[in-house]
Amino acid sequence: RSSDLCGMVYLEPSILGLSPFVHCWLLQLPAAIKPHKETLKNLFDKFLEPSIEFVKANCKEIIPTVSSNLAFSTFNFLDTFFEPLIPREGEPPMPDDKLSYVGKLIEPWFLFSLLWAVGGTCNNDGRKKFDNFLRRKITVERIRMPFPDEDLIYDYRLEDGGISHKGDDDDDDDVTGGKDKKKKIGWVGWMEDVPEFSVDLTTTRFADVIVPTTDTIRAS
């Protein structure tokens with residue numbers, strides 16, 4: 001810690017921690033998310049720094065990261081989930097039935113964001129370690145929608161009841177395969193609902209064929 005002639009006090013980032021970043025981000029939540037501000041704060045308090053510390057101490061990162069950047073990556077993931085909830089001029093508002101899902105989605109939205117912002121920096125061996133760590137943490141903190149027990153947590157995406165699909169209900173039915181799936185909220189495998197792959201090699205060059213896999217779907 002040091003000071004200058006203007007009376008400013010300079011602190012090392014390690015002294016402040018990540019709480020100031022979280023506090024500032026929470027001040028900018030969309031109106032539809034503001035009622036859940038305290039829930040988000042509690043999730044950040046319980047998960048963010050312990051997850052980052054675990055990765056730094058126990059996992060090999062493909063590219064070395066900075067803790068503050070991992071925090072901002074988590075914010076960016078969450079902002080992407082929140083974006084459909086922000087009213088836009090000339091667009092119809094989010095239907096009330098979809099808005100009613102928000103409270104149930106806060107925890108899984110956060111977990112998915114944390115998983116890929118922090119745990120996504122690890123190599124394959126590190127992902128197995130982070131999988132064990134986060135599952136234990138989820139149990140301790142009594143999260144209401146844990147990941148399925150099978151496979152790694154990286155093998156699941158979040159079905160959000162259609163919130164991520166803008167448009168009317170008919171459009172959502174087309175995207176998700178019917179009203180039952182449109183209303184579903186939960187963890188599903190990346191390959192679920194992916195159409196059966198077929199290609200006519202008489203009209204398609206072999207070099208142009210991309211077979212859908214968990215990795216290609218996850219990265220698309």
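# Worked exercises on a predicted model

In this predicted model, the buried residues of helix 4 are Leu70, Ala71, Thr74, Phe75, Leu78, Phe81 and Phe82.

## Exercise 1: the buried face of helix 4

Determine how the buried residues of helix 4 are arranged about its axis, and which elements they pack against.

**Solution.** Begin with the arrangement: viewed down the axis of helix 4, the buried residues fall within an arc of 145°, so they line one face of the helix. The general geometry behind this kind of pattern is that an α-helix has 3.6 residues a turn, so residues three or four places apart point the same way. Next, turn to the partners of that face: the buried residues of helix 4 pack against helix 2 (19–26), helix 3 (37–58) and helix 6 (102–117). Finally, check the length of the element, for which 16 residues (67–82) at 1.5 Å a residue should span 22 Å; the end C-alpha atoms of helix 4 are 23 Å apart, which agrees.

## Exercise 2: the nonpolar core

Identify which residues touch the most other members of the largest nonpolar core, and state which element gives the largest share of this core.

**Solution.** The largest nonpolar core has 51 residues, and among these Trp109 and Phe130 touch the most other members. Two or more residues of this core come from each of helix 2, helix 3, helix 4, helix 6, helix 7, strand 3 (156–160) and strand 4 (185–189). The largest share comes from helix 6, which contributes 10 residues. To see the surroundings of Trp109, leave out residues up to four places away in sequence; the residues that Trp109 then touches are Ile33, Leu78, Phe81, Phe82, Leu85, Val102, Leu158, Asp160 and Ile163.

## Exercise 3: two aromatic pairs

Classify the ring pair of Trp25 and Phe82 and that of Trp116 and Tyr154 from their geometry, and locate each pair in the chain.

**Solution.** The structure holds 17 aromatic pairs. For Trp25 and Phe82, the ring centres are 6.1 Å apart with 25° between the planes, and the pair is stacked, as the cut-off for that class is under 30 degrees. Trp25 lies in helix 2 and Phe82 in helix 4, so the pair ties together parts that are 57 residues apart in sequence. Both Trp25 and Phe82 are buried.

For Trp116 and Tyr154, the centres are 5.3 Å apart and the planes stand at 80°, so this pair is edge-to-face, the cut-off for that class being over 60 degrees. This pair too links distant parts of the chain, with Trp116 in helix 6 and Tyr154 in the loop between helix 7 and strand 3, 38 residues apart. Trp116 and Tyr154 are both buried.

As a last step, place Trp25 and Phe82 in a wider setting: ring pairs join them into a cluster with Phe21, Phe44, Phe47, Phe72, Phe75, Phe81, Trp109, Phe110, Phe112 and Trp190.

## Exercise 4: salt bridges

Compare the settings of the salt bridges Lys129–Asp125, Glu141–Lys137 and Arg157–Glu159.

**Solution.** The principle is that side chains of opposite charge can pair when their charged atoms come close. The structure holds 10 salt bridges. In the bridge between Lys129 and Asp125, the closest N and O atoms are 3.6 Å apart. These two residues are four apart in helix 7 (residues 124–140), which means that about one helical turn separates them. Lys129 counts as partly exposed at 35% relative accessibility, and Asp125, at 44%, also counts as partly exposed.

In the bridge between Glu141 and Lys137, the closest N and O atoms are 3.3 Å apart. Lys137 has 19% relative accessibility and therefore counts as buried, the cut-off being under 20%. A network of salt bridges links Lys137 and Glu141 with Lys46.

The side chains of Arg157 and Glu159 form a salt bridge with an N to O distance of 3.1 Å, and both residues are buried.

## Exercise 5: positive phi angles

State where Arg142 and Asp151 are found, and whether each counts as buried or exposed.

**Solution.** Arg142 is not a glycine, yet has a positive phi of about 55°; likewise, Asp151 is not a glycine and has a positive phi of about 60°. Arg142 is found in the loop between helix 7 and strand 3, and Asp151 is found in the loop between helix 7 and strand 3 as well. Arg142 counts as exposed at 73% relative accessibility, and Asp151 counts as exposed at 55%.

Methods: Residues numbered from 1 in each chain as written. Predicted model: local features only at pLDDT ≥ 70, side-chain atom pairs only at ≥ 80, totals over all residues. Heavy atoms only, no water. Salt bridge = Lys/Arg side-chain N within 4 Å of Asp/Glu carboxyl O. Buried < 20%, exposed > 50% of the residue type's maximum accessible area, 1.4 Å probe, protein only. Expected span 1.5 Å × (residues − 1). Arc of directions from axis to C-beta. Contact = heavy atoms within 4.5 Å. Core = buried A, V, L, I, M, F, W, Y, C linked by side-chain atoms within 4.5 Å. Phe/Tyr/Trp six-rings, centres within 6.5 Å; stacked < 30°, edge-to-face > 60°.
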